[in-house]
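Hello,

Here is the structure I promised to pass on to you. Please have a look at it first, and then read my notes below.

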Amino acid sequence: MDKVAQRFIKYAKQFTTSDPESTTYPSTHRQTVFMEKLVEELKEVGCIEVEMDKYSYVTATVPANGVQNAPVVGFVAHVDTSPDFSGENVQPQIVEKYDGNPIVLKNGVTIDSKDFPEILNYKGQAIITADGTTLLGADDKAGVAEIVTAAEYLLKSKDIKHGKIRLGFTPDEEIGKGTDHFDVKKFGADFAYTLDGGEIGELEFENFNAAGAKIKIQGRSVHPGAAKNKMVNAILVAHQIIAMLPPTQRPEHTEKYEGFFHLTQLNGNVENAELQYIIRDHDFVKFEEKKKLLTEIVQHINFQYGKNLVELEINDQYFNMRQKIEPVMHIIEIAKKAMLQAGVEPKIKAIRGGTDGARLSYDSLPCPNIFAGGHNFHGPFEFVPVHSMVKAVEVILNIVKIIGK
Ligand SMILES: [Zn+2]
């Protein structure tokens with residue numbers, strides 16, 4: 001069994017689910033426990049400057065080998081798994097030679113090519129799944145295993161000449177807080193790559209611009225029998241706002257570069273109602289237009305009722321990293337070349353979400369995203385082909401080789 005697969009299985013068995021309700025950082029102590037073990041392992045493989053800070057970020061250095069003055073490159077992965085599905089007591093299963101037949105797991109979970117046709121791309125390969133009761137955690141422990149395995153190779157074999165390399169491991173990515181306390185200055189890389197993508201070949205440097213909107217509606221509750229010209233039903237005002245937003249711009253009707261308004265919450269009675277939306281668009285102009293449209297709808301309704309019964313609060317959440325990557329497009333070219341050298345066809349696509357790399361890019365660490373190899377994240381159907389992980393390790397090695405030239 002390949003080293004990277006062994007390492008991944010060891011990580012997958014450790015419970016590291018993050019918790020969106022927590023008020024601590026990291027959100028769960030179990031992530032710190034994982035990080036403590038990772039510190040020991042990084043020291044064992046020969047990394048230097050191995051540190052865990054008070055927020056449980058772990059950083060380490062692979063010192064330069066024969067190359068001075070090369071830019072410092074970083075590799076970053078997150079250790080938590082999604083709270084959307086159980087990540088406790090994960091029991092990785094290995095299908096040694098996937099033959100295309102359904103993979104039957106516990107709890108009636110079957111990974112069937114009818115539902116997930118992309119699995120047929122891995123016929124004849126070894127595939128790792130969970131046992132049906134939990135997620136697998138290839139998002140993103142595959143990335144962690146790939147980075148550590150590449151570092152171990154560089155430090156042991158010494159046959160690749162390269163400059164200084166920094167490694168970073170973050171908690172709480174799945175709850176949107178992965179980089180809240182990440183010390184970019186101390187990390188000291190000129191640019192970095194997250195290994196947090198899906199299928200083999202994925203290369204991403206575009207993500208959504210994102211905002212959250214909260215709409216509060218103050219109605220006027222009056223006895224319905226005496227309500228004529230007096231009652232304002234907050235629920236119906238909420239309904240009016242929902243109806244005024246374009247129905248074609250909802251998540252269920254959009255794909256690729258199409259943005260959306262997504263209603264995530266609706267609470268209300270006659271007296272008060274509240275709506276929560278998330279607004280997403282890759283294009284910054286369209287993103288601003290979406291925020292403007294919602295603002296104008298609220299103004300219109302307030303005008304119609306002759307008073308400010310609707311209050312709107314919009315907060316930007318993150319931005320498309322493309323803006324920060326464009327001036328340094330050579331780092332995309334490096335990743336592409338590294339993949340081609342490993343015999344992997346680069347698949348460039350826009351992320352319909354955010355990444356830690358997007359936030360880091362705005363913190364002056366340009367940070368595109370590379371595949372870690374897994375599929376069907378955040379649930380019991382998750383799987384990762386071993387060959388994809390092996391190729392991710394190769395891509396890391398090729399990247400440092402290219403930069404060192
Ligand atoms: Zn991830």
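**What I found**

Lys256 is found in the loop between helix 5 (234-244) and strand 12 (260-268). Its phi is near 50°, a positive value in a residue other than glycine. Lys256 is exposed, because its relative accessible area is 60% and the cut-off for that class is over 50%. Please keep in mind that this is a predicted model.

Glu49 also has a positive phi, near 50°, and is not a glycine. Glu49 sits in strand 1 (residues 48-52), and with a relative accessible area of 41% it is partly exposed. Most residues other than glycine have a negative phi, and most peptide bonds are trans.

That brings me to the cis bonds. One cis peptide bond runs from Tyr25 to Pro26, with omega near -5°. Pro26 belongs to the loop between helix 1 (3-12) and helix 2 (29-44). Another cis bond joins Asp139 to Asp140, where omega is about 10°. Asp140 is part of helix 3 (residues 138-157).

**The zinc site**

Asp139 turns up again here. Which atoms coordinate the zinc ion? They are His78 (NE2), Asp139 (OD) and two OD atoms of Asp196, at 1.9 to 2.7 Å. Along the chain, these donors follow the spacing H-x60-D-x56-D. His78 in strand 3 and Asp196 in strand 9 are 118 residues apart, so this pair links distant parts of the chain. Are these two residues buried or exposed? His78 is buried, at 2% relative accessible area, and Asp196 is buried as well, at 15%.

The angles among the 4 donor atoms run from 52 to 148°, and the site is irregular. For your own comparison, ideal angles at a metal are 109.5 degrees for four tetrahedral donors.

**Cavities and the largest pocket**

There are 3 cavities of 30 Å³ or more in the structure. The largest cavity has a volume of about 40 Å³. Its lining includes His78 and Asp196, and also Asp140, along with Val76, Ala77, Thr170, Glu173, Thr194, Thr355, Asp356 and Gly357. Strand 3 (73-78), strand 9 (191-197) and helix 9 (356-362) are the elements that give two or more residues to this lining. Which of them gives the most? Strand 3 does, with 3 residues. By class, the lining of the largest cavity has 2 nonpolar, 5 polar and 4 charged residues.

The largest pocket has a volume of about 1,000 Å³. It is lined by 33 residues, and those nearest its centre are Glu173, Tyr318, Arg352, Gly353 and Gly354. Glu173 is thus in the lining of the largest cavity and in that of the largest pocket. The elements giving two or more residues to the pocket lining are strand 9, strand 10 (202-204), strand 14 (310-318) and helix 9. The lining divides into 6 nonpolar, 14 polar and 13 charged residues.

**Aromatic pairs**

A pair of aromatic rings is described by the distance of the centres and the angle of the planes. The count comes to 14 aromatic pairs. In one of them, Phe287 and Phe319 have ring centres 6.5 Å apart and planes at 85°, so the pair is edge-to-face. Phe287 lies in helix 6 (residues 284-305) and Phe319 in the loop between strand 14 and helix 7 (322-325), so the pair ties together parts 32 residues apart in sequence. Phe287 is buried, with a relative accessible area of 0%, whereas Phe319 is partly exposed at 25%.

Phe319 also pairs with Tyr362: the ring centres are 5.7 Å apart and the planes are at 50°, so this pair is tilted. Because Tyr362 lies in helix 9, the pair ties the loop of Phe319 to a part of the chain 43 residues away in sequence. Tyr362 counts as partly exposed, at 28% relative accessibility.

Tyr25, met above at a cis bond, is in an aromatic cluster with Tyr55, Tyr57, Phe182 and Phe187.

**One more spot in helix 6**

Thr295 lies in helix 6 and is partly exposed, at 29% relative accessibility. Thr295 and Glu311 are 16 residues apart in sequence, and their C-alpha atoms are 9.7 Å apart in space.

Happy browsing, and best wishes!

Conventions
Residues are numbered from 1 along each chain as its sequence is written. This is a predicted model: local features need pLDDT of at least 70, side-chain atom pairs count only at pLDDT 80 or more; totals for chains, interfaces and linings use all residues. Side-chain values use heavy atoms; hydrogens and water are left out. On a 1 Å grid over the protein atoms alone, a cavity is a set of points where a 1.4 Å probe fits but cannot get out, and a pocket is an open set with protein on both sides within 12 Å along at least five of seven lines; lining residues have an atom within 4 Å of a point. Grid points are joined across faces, edges and corners, and a volume is the space filled by probe spheres set on the points. Helices (H or I, at least four residues) and strands (E, at least two) are DSSP runs, numbered from the N terminus. Ala, Val, Leu, Ile, Met, Phe, Trp, Tyr, Cys and Pro count as nonpolar, Asp, Glu, Lys and Arg as charged, and the others, Gly among them, as polar. Donors are N, O and S atoms within 2.8 Å of the metal (3.2 Å for Na, K and Ca); water is not among the atoms, so sites may look incomplete. Four donors count as tetrahedral if all angles lie between 85 and 135 degrees; four count as square planar and six as octahedral if opposite donors are over 155 degrees apart and all others between 65 and 115; anything else is irregular. Buried means under 20% relative accessible area, exposed over 50%, partly exposed in between (1.4 Å probe, protein chains only). Rings of Phe, Tyr and Trp (its six-membered ring) pair if their centres lie within 6.5 Å; planes under 30 degrees apart count as stacked, over 60 as edge-to-face and the rest as tilted.
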